[in-house]
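Let's take a friendly tour of the pockets in this protein. The sequence and structure come up next, and the notes after them look at each pocket in turn.

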Amino acid sequence: GTIALRTTLNPTDAAGLLLRSLASVDPQLPSEIKTMTEQVATLTARSRFLAVLLAAFAGLALFVAAAGLYAVASFLVTQRTRDIGIRMALGASSSIIARQVAGEAVYWIVAGTAAGYGLAQLAARGLAAELFQIPATDAWSWASTMGALTIALLFALIPPMRRAASVDPVIALRAE
């Protein structure tokens, strides 16, 4: 059987009192005393573990996405150094070059976000059972996730944009 007891006593004092009371009735009676906090923690341990695990994988996925975009943008800048040098020699400003690099990367960001959104919608159906009082199609969650991903990807673009904007036309043209 289970007994739930509400008391104003200290939990340790209440547990001692309960154990003595139970022992006076039957010393062989098995008993286990838990506070409500401990009981709730036991009942929600699996859900909390899954939430932490999911958050860790989401953070890892965000890092991998940002690192991948950084690598692709850096590769494109390295591949197009001669083109960038010619543009700068013909009078293109650093801001125009940086905007061009960002524009090409934004194309990949939008394409990746659209594909990721579609796959995430499919995955959300499988995770719906793990969500408590939150619908799998919660607009605020989706918007904040997309916003965080976009901000992280834009920050990943800063180093390649700066490197493209600082290409020396003379060195870039002499390289080949």
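## Helices around the largest pocket

With 12 residues, α2 gives the most to the lining of the largest pocket. This is a predicted model, so please read everything here with that in mind. α2 spans 36-79, and two other helices, α4 (94-127) and α5 (139-165), join α2 in each supplying at least two residues of that lining.

## Space and chemistry of the largest pocket

How much space does the largest pocket hold? The volume comes to about 1400 Å³. A total of 37 residues line the largest pocket, and those closest to its centre are L54, A58, A120, L127 and T145.

If you are thinking about the character of the walls, the lining of the largest pocket counts 29 nonpolar residues, along with 6 polar and 2 charged ones.

## The second largest pocket

Next comes the second largest pocket, which holds about 860 Å³ of space. Its lining is made up of 24 residues, and I3, L5, L18, I33 and K34 are the ones nearest the centre.

Which helix provides the largest share of this lining? That is α1, with 5 residues in the lining of the second largest pocket. α1 covers 11-25, and both α1 and α2 supply at least two residues here. So α2 turns up again: this helix also contributes at least two residues to the largest pocket.

By class, the lining of the second largest pocket divides into 13 nonpolar, 7 polar and 4 charged residues.

Note on methods
Residues numbered from 1 in each chain as written. Predicted model: local features only at pLDDT ≥ 70, side-chain atom pairs only at ≥ 80, totals over all residues. Heavy atoms only, no water. 1 Å grid on protein atoms, 1.4 Å probe; cavity = no way out; pocket = protein on both sides within 12 Å on 5 of 7 lines; lining within 4 Å. Points joined across faces, edges and corners; volume = space filled by probe spheres on them. Helix = DSSP H or I, 4+ residues; strand = E, 2+ residues; numbered from the N terminus. Nonpolar A, V, L, I, M, F, W, Y, C, P; charged D, E, K, R; others polar.
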